[in-house]
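The exercises below are meant to be worked with the sequence and the model side by side. Please attempt each task before reading its solution.

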Amino acid sequence: MKPDYILYLVTDRRAMSTRTLAEAVEQAIAGGCTMVQLREAETSALEFYQLAVDIKAVTDRHHIPLIINNRIDIALAIRAAGVHLGQNDIPTAAARRIIGPNMLLGISVTTTAQALKAQAEGADYLGVGAMFPTRTKPDASIVSMEELRSIRSAVSLPIVAIGGITPANAPQFHAAHVDGLAVVSAILSKPDIEAAARELKQAFGQITR
């Protein structure tokens with residue numbers, strides 16, 4: 001089944017409005033999230049593994065792909081749909097050799113050169129950003145819309161834009177021909193997570209699932 005990148009939830013328990021992450025993910029999926037990435041910093045390997053098992057039970061129930069950030073070992077251990085890596089993680093080509101041809105491999109990029117390299121080395125999709133300042137990653141480099149359009153023109157891979165995306169700025173990304181939006185606080189921090197996901201997806205110019 002071809003992945004649907006339209007609304008890509010990236011987790012952060014520090015931002016969530018619910019008691020548990022599983023509840024937050026369940027509500028986000030009900031609102032139209034089509035992919036979930038488990039990205040939890042400052043956790044032990046055991047805690048990350050146990051959390052991944054719990055979240056995968058939710059995503060499997062709804063037939064939504066679960067992507068694991070950074071931890072290839074945990075992605076393999078729980079049979080996740082894929083793994084997502086940054087520029088300071090293990091190289092794309094090496095990651096592809098480890099996970100094989102069937103798992104999804106996402107790579108974060110900020111430049112056209114990085115995007116072309118990731119595509120050549122076996123990435124399945126790209127995360128481009130941060131597009132706007134974000135409290136989730138306050139030290140992230142900002143990518144201009146011009147650079148985003150350059151990346152879009154240079155590669156054939158699906159692209160998800162990330163970083164400071166809200167319903168107010170979401171429509172411009174539809175016009176930039178990206179495949180989806182990756183969001184954290186714009187969904188997780190809202191009192192009504194399901195409604196927030198639905199609003200963001202509609203703002204992007206897509207029909208809710």
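A residue is called buried when its relative accessible area is under 20%, exposed when it is over 50%, and partly exposed in between, with a 1.4 Å probe and protein chains only. The model is predicted, so that local features need pLDDT of at least 70 and side-chain atom pairs count only at pLDDT 80 or more, whereas totals for chains, interfaces and linings use all residues. Residues are numbered from 1 along each chain as its sequence is written, and side-chain values use heavy atoms, with hydrogens and water left out.

**Exercise 1. Arg152**

Task: Determine whether Arg152 is buried or exposed, and find which side chain it joins in a polar contact.

Solution. Begin with the location: Arg152 belongs to helix 6, which covers residues 145-154; helices (H or I, at least four residues) and strands (E, at least two) are DSSP runs, numbered from the N terminus. Next, take the accessibility: the relative value for Arg152 is 17%, and therefore this arginine counts as buried.

Then look for polar contacts, meaning pairs of N or O atoms within 3.5 Å, where within protein one must be able to donate a hydrogen and the other to accept it, and where residues adjacent in sequence count only if both atoms are side-chain atoms. The side chain of Arg152 makes such a contact with the side chain of Asp179, at 3.0 Å. A polar atom of the Arg152 side chain also lies 2.7 Å from the backbone oxygen of Leu157.

Finally, list the contacts (heavy atoms within 4.5 Å). With neighbours within four places in sequence set aside, Arg152 is in contact with Leu157, Ile159, Ala176, His177 and Asp179.

**Exercise 2. Two buried strand residues**

Task: For His84 and Val109, state in which strands they lie and whether they are buried or exposed.

Solution. His84 sits in strand 4, residues 82-85, and its relative accessible area of 6% makes it buried. The C-alpha atoms of His84 and Tyr125 are 9.2 Å apart, although 41 residues separate the two in sequence. Beyond the neighbours within four places in sequence, the contacts of His84 include Tyr8, Gln37, Asn69, Ser108 and Tyr125.

Val109 is part of strand 5, residues 104-109, and it is buried as well, with a relative accessible area of 1%. Gln87, 22 residues away in sequence, has its C-alpha 7.0 Å from that of Val109. Not counting residues up to four places away in sequence, Val109 touches several residues, among them Gln87, Ala115, Leu126, Val128 and Ile151.

**Exercise 3. Backbone geometry in the loops**

Task: Which peptide bond is cis from Gly129 onward, and where do His63 and Arg79, which have a positive phi, lie?

Solution. As a reference, most residues other than glycine have a negative phi, and most peptide bonds are trans. The bond from Gly129 to Ala130 is cis, with omega near 15°, and Ala130 is placed in the loop between strand 6 (125-128) and helix 6.

His63, not a glycine, has a positive phi of about 60°; this histidine is in the loop between helix 2 (45-61) and strand 3 (66-69), and at 67% relative accessibility it counts as exposed. Between the C-alpha atoms of His63 and Thr34 there are 9.0 Å, with the two positions 29 residues apart in sequence numbering. Arg79 likewise has a positive phi of about 60° without being a glycine; its place is the loop between helix 3 (72-77) and strand 4, where it counts as exposed at 71% relative accessibility.

**Exercise 4. The chain as a whole**

Task: How many helices and strands does the chain have, and how does its radius of gyration stand against the globule rule?

Solution. The count is nine helices and eight strands. The radius of gyration is 16 Å, close to the 17 Å that the globule rule gives for 209 residues, so the chain is as compact as a globular protein of that length; the radius is taken over C-alpha atoms, and the rule is 2.2 Å times the number of residues to the power 0.38. Along its principal axes, the C-alpha trace spans about 40 × 40 × 35 Å. Of the 209 residues, 50% count as buried, and residues 24 or more positions apart account for 60% of the contacts with a separation of 6 or more.
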